[in-house]
Amino acid sequence: MKISGSYQMACSPEQAYALLQDPEALARCMPGCESLDRIGENEYAMKMKMALAAFSGLFEGKVRIADTKPPQSFRLIVEGSGRVGFMKGEGLLNLSAQNGGTEVAYEGDVHVGGTIAAVGQRLLDSTAKVMIKRFFDKLGEGASARA
Amino acid sequence: MIAENFDYSAPNTVEEALQLIAKGGKVLAGGMSLVPLMKLRLAAPEHLVDLGRVAALNGITEDKGSIVIGSMTTHHQLESSALLRASCPLLAETASLIGDVQVRNMGTIGGSVAHADPAADYPAALLALEAKVRLVKSSGDRTLAFSDFLIDSFTTALEEGELVREVVVPVETAGTGVSYQKMLQPASGFAIVGVAARIRKTAGKISFARIGVTGLSSCAFRAAAVEKLLEGTSGSEEEIGKAAAVVADGVDANSDIHASSNYRSQMARVYTARAIQAAVSRAA
Amino acid sequence: MATTITKPETLVGKRIRRKEDPRLITGTATYVDDIQMPGMHHACIVRSPHAAARIKGIHVKAALELPGVTAVFTGADTKDVGPVPCGASLPGLRVPHHHILAVDRVYFVGHPVAVVVATDRYIARDAADRIEVDYEVLPAVADPEKAIAAGAPAVHPEWPDNVAFHFHQEGGEVDKAFAEAEVVVKERITSQRLIPTSIETRGVVADWNTGDKSLTIYSSSQIPHLLRTLLAMMLGLPEHHTRVVVPEVGGGFGSKLNVYAEEALMGFVAMKIGKPVKWIESRRENYLCTIHGRGHVDYFELAARKDGTMVGLKLKLIQDLGAYHQLLTPAIPTLSVLMMPGLYRFKNIRADIAGVFTNCVPTDAYRGAGRPEATHGIERMVDILAAELKMDPAEIRLKNFIQPEEFPFSTGTGLIYDSGNYDLPLKKAMEIVDYKGLRKQQNDSRKQGRLMGVGISSYGEICAFGPSPATPAGGWECATVRVDPQGKVTVGTGASPHGQGEETTFAQIAADELGVDLDDVLVVHGDTAVVPYGIGTFGSRGTAVGGPALYYALQKLKEKITKFGAMLLDSESVSYSGGCCTCSKTGKSVTLGEIAGASYRAMKLPEGEAPGLEATYFWEPPNFTFPFGAHVAVTEIDRETGKVKVARYVAVDDCGRIVNPLLVDGQVHGGVAQGLGQALYEQAVYDDSGQLLSGELTDYAIPKATMMPWIESHHTETPSPVNPLGVKGVGEAGTIGCSPALVNSVVDALSPLGVRHIDMPLTPEKIWNLLQGGQQ
């Protein structure tokens, strides 16, 4: 499933870039993230409890940052698996200065398997949008706090 | 299809229910959304608090120009209520198109609005009706406009420990034409798109238009742009078409194996026109 | 002693309510999940969430620690159990070894990896969640055309590509026919993967008697005896110590004409733990792991003369096999080839099948099993040809039909059609719908900008499998008829009805032959300890093959009855009818009951006769049978949404002699429902990595009553010379005739826009895209 969109952040591209690469910020902003532990260069082990309405699922996996081109772009790869299935999201994030802040444009792929793929088909699109929005909302809070 | 273990309580009063929820209990209303999730193990609440015996939450009454609907009132009760059919026909019609007979016998309006499925039917009608929701928790009540209550897919303004107590809709002004039109996903009966319309005419011109849309994007919305284009027109087929044509503008339409975002947007236009057409023809 | 029983009228041919129904509608039938046994354990199966992966490790300790868990088994424990069998053999067929539990790799989402056994089903399910499997995910391929393209991931790395077999069949002089043809039309036609969706999912109870060392398997199956033979083989058991009992079955449609890993697995478990064990499939497992139907990508070329005479047909068929062969997987597309010429007289045919592995659940028989695909193909091609030649679709069919005097007819595919009168149902259907009036109505509606379509399908079908040399396991059927001392009749049939109604139709046949009441006949089936060996129920063979076996057993029995009657009446001039043996000279008679009593008491026996009153017959069919018919569908397309409304549906089916019209109606209704489901709604959707996206009934739209048109069902009766009853079979005909009628109708509706073909399912979005001038 393809995903794309953009989000405005109230800070400079350099600040936004740093924030997006900061594991503490990521851990705080990724919905339901319980832990993010460094296991290598730009690679983190992740435990996430995703909750949306009644649905809740525990995922364990990895977060990886790749193709870093500061402060313009980088690739964020999140993969996790749990009882309810597995998911892998890969997105290219592009940052550009806009209106005194930064526009973060993302484009990528989300792939799910297991129960959530088989029965959650019609909700994947809206769920992905909600999760991404939550991520950026939280990130935005962090940006305002720092700016 | 076997859920994980859980404890179960069935309180008789709202107070008892709130106490149990404050301790971490998960509300069970009609179970039409929660129980399948539990059976698939996509949800595993430890303690279910069944509101089915809380009589105070069930019922449809009139109160000073509004209809007050208890959150545990079933879709079947809504579709068959003489009071609702007379005073708020849009909501009764919407209830009658939810799922199937079995789902309507169990599913509740409170459960539906709290769950906030992006393809649920009620939100289109409740937005068009400019409905309110009354929420209750141990520390007291509060009332929100439904448009403030519904935030996103599966996301509402409900706080921890809070329950939906009632949904409040206005008694429809005489002469208002209403309609809910829905494009069914044939397997599940959910709305690919669903449009609710309320139209009033004065001296042959549309003087009042409220349009609610569900299923198109991650959250139901009021099509304000469509409403503006309708007001002041005579409601001809051409004018309706022009107004309906903007319903999906700027909306990030959902895409799944049943409908691409392009097709869904197009169908939103078609069903908006159909809902308006039907409402106009019913407006006195 | 002389009593007269007058049997008023014959039962065969009458609309009689089913003897099966009272127990079904009062909830007193026993399905597999109703079976309870002392000490019965429950099994829950852990399945792969990946379509292709290596298994690096399976951690079961946490599951074993849960109180109530008796055992956990993995592929390491079961790897010596015989592979899940493929009964079909084709030259050069690559057969991957199909372990009952995955050993080191998984090949499709849902592939069973481990089984947990516990004292109740809840604990078993909880324990299954505690099992951790380490997978190394591998690339997968889910589409057959992608699987044969260069660079596709290998589904089974032991082979250099994903082609399991090539199959070629030819008849007549195809190249000459195509060279001399005046017009050739070509089209790519798909028959999409479907999920059979029986209301009762699969289920097994396995009971191992440690003292006798005997195994009883209760399974929701269509083939009790074949299942017994194959399970005994897989488990290394002597067959006489193996028993299969098929209780009530809630629908099969071909998906239970199989031998599944889970059936052997439960036997293995029961033998290991020494307790009975039950496994009931969830709907989600059913969608992932019970065989799927269809899965064709077909390239057709039809050659003809300008006057509409068809002269030759070429077919390139790509069959999506899935990851393994189940019982008949590779054979199903060969059935399509057999029926590719349909009802038409041309004999120049060429077919090439490529059977392709994909990382999906295997395909196998599903209502029609290869024949809907063939009929859909030829009937679409005929319409495309008609459009090309600007000929009326009914006219071109009538011009090419094999004529009644040409039967028995040898087809270019090596079949001998038994009997047929193809003009009859088509002309009858055209009369019923007022075909000329419909075309006029269509013209008028087109002037108003409406999109109305009239679609015809003239279908032929091959069923009543069949002559044993042409089948994988034998195609005969067996019946035993037994009269007890009271004079009541028990029929044991090797057929295994699961909704077809043979408890009623066979009772009708026996009651007529023996002159007894319907209630005096009991038909039993499904238990290998009770009925003699049989082949089972599938391929519309229950009445057409099981019926003649019964008929001949009844004739044998009547011979013995008459001999006993003659002895008791002390006369040679006796005849048996109306339940009595009567002496034509004295008018004295004895009842069947009295004859039966005498045969068991055996005070005196007729010359050369033994005591007892029963007869068994094994009947080998000399040929398949070939039902046929014509369906007409009138559709209207909603321009705004692309939705198809079926305004009228007329079916005229010829299944030979009809034993019970009520049951035939039911078969036609059900068949049309499943055909309509394929044409308009259903599709098993896998994503590129082999995840099944249409994994539940909320995303896979099987037709509900509200989605069905009124089916006007009519019949013509052209008896089959293949069996003494003249019956042909009707279980699959409705499905075969339906999808081409619907698609032809919608294409007809859209033809003013230049639309020539649309692939199923005809979803509103697909139609809508065409209406916008786009691609499907």
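**Exercise 1. State which residue ranges make up the two domains of chain C in this predicted model, and describe the contact between them.**

Solution. Chain C is divided into domain 1, comprising 21-28 + 467-619, and domain 2, comprising 296-463 + 624-771. The next step is their separation: the C-alpha centres of domain 1 of chain C and domain 2 of chain C are 38 Å apart. To the contact, domain 1 of chain C contributes 16 residues and domain 2 of chain C contributes 18 residues. On the side of domain 1 of chain C that touches domain 2 of chain C, α15 (502-514) and α16 (542-569) of chain C each supply at least two residues. Of the elements on this side, α16(C) gives the most, with 5 residues. By residue class, this side of domain 1 of chain C divides into 6 nonpolar, 9 polar and 1 charged.

**Exercise 2. Determine whether the radius of gyration of chain C agrees with that of a compact globule, and describe the fold of the chain.**

Solution. Begin with the expectation: for 776 residues, a compact globule would have a radius of gyration near 28 Å. Chain C has 28 Å, and therefore agrees with the expectation. The C-alpha trace of chain C spans about 85 × 75 × 45 Å along its principal axes. Its secondary structure comes to 20 helices and 28 strands. Turning to burial, 59% of the 776 residues of chain C count as buried. Finally, consider the contacts in chain C with a separation of 6 or more: residues 24 or more positions apart account for 80% of them.

**Exercise 3. Identify the residues with the most contacts inside the largest nonpolar core, and list the contacts of C:A43.**

Solution. The largest nonpolar core has 385 residues. Those with the most contacts inside this core are B:I276, C:A43, C:A114, C:V116, C:V269 and C:A510. The element that gives the most to this core is α16(C), with 14 residues. Now take C:A43 and leave aside its neighbours within four places in sequence: C:A43 is in contact with C:V115, C:V116, C:V117, C:A124, C:M266, C:V269, C:V277, C:K278 and C:W279.

**Exercise 4. Describe the contact between chain A and chain B, with attention to the side of chain A.**

Solution. Chain A provides 18 residues and chain B provides 23 residues. On the side of chain A that touches chain B, the elements giving two or more residues are β4 (55-69), α3 (115-119) and α4 (121-146) of chain A. The greatest contribution to this side comes from α4(A), with 8 residues. By class, the residues of this side of chain A divide into 8 nonpolar, 6 polar and 4 charged.

Technical notes
Residues numbered from 1 in each chain as written. Chains lettered and ligands numbered in written order. Predicted model: local features only at pLDDT ≥ 70, side-chain atom pairs only at ≥ 80, totals over all residues. Helix = DSSP H or I, 4+ residues; strand = E, 2+ residues; numbered from the N terminus. Rg over C-alpha atoms; globule rule 2.2 N^0.38 Å. Buried ≥ 20, exposed ≤ 12 C-beta atoms within 10 Å, placed from the backbone. Contact = placed C-beta atoms within 7 Å. Domains from an automatic or database assignment. Nonpolar A, V, L, I, M, F, W, Y, C, P; charged D, E, K, R; others polar. Core = buried A, V, L, I, M, F, W, Y, C linked by C-beta atoms within 7 Å.
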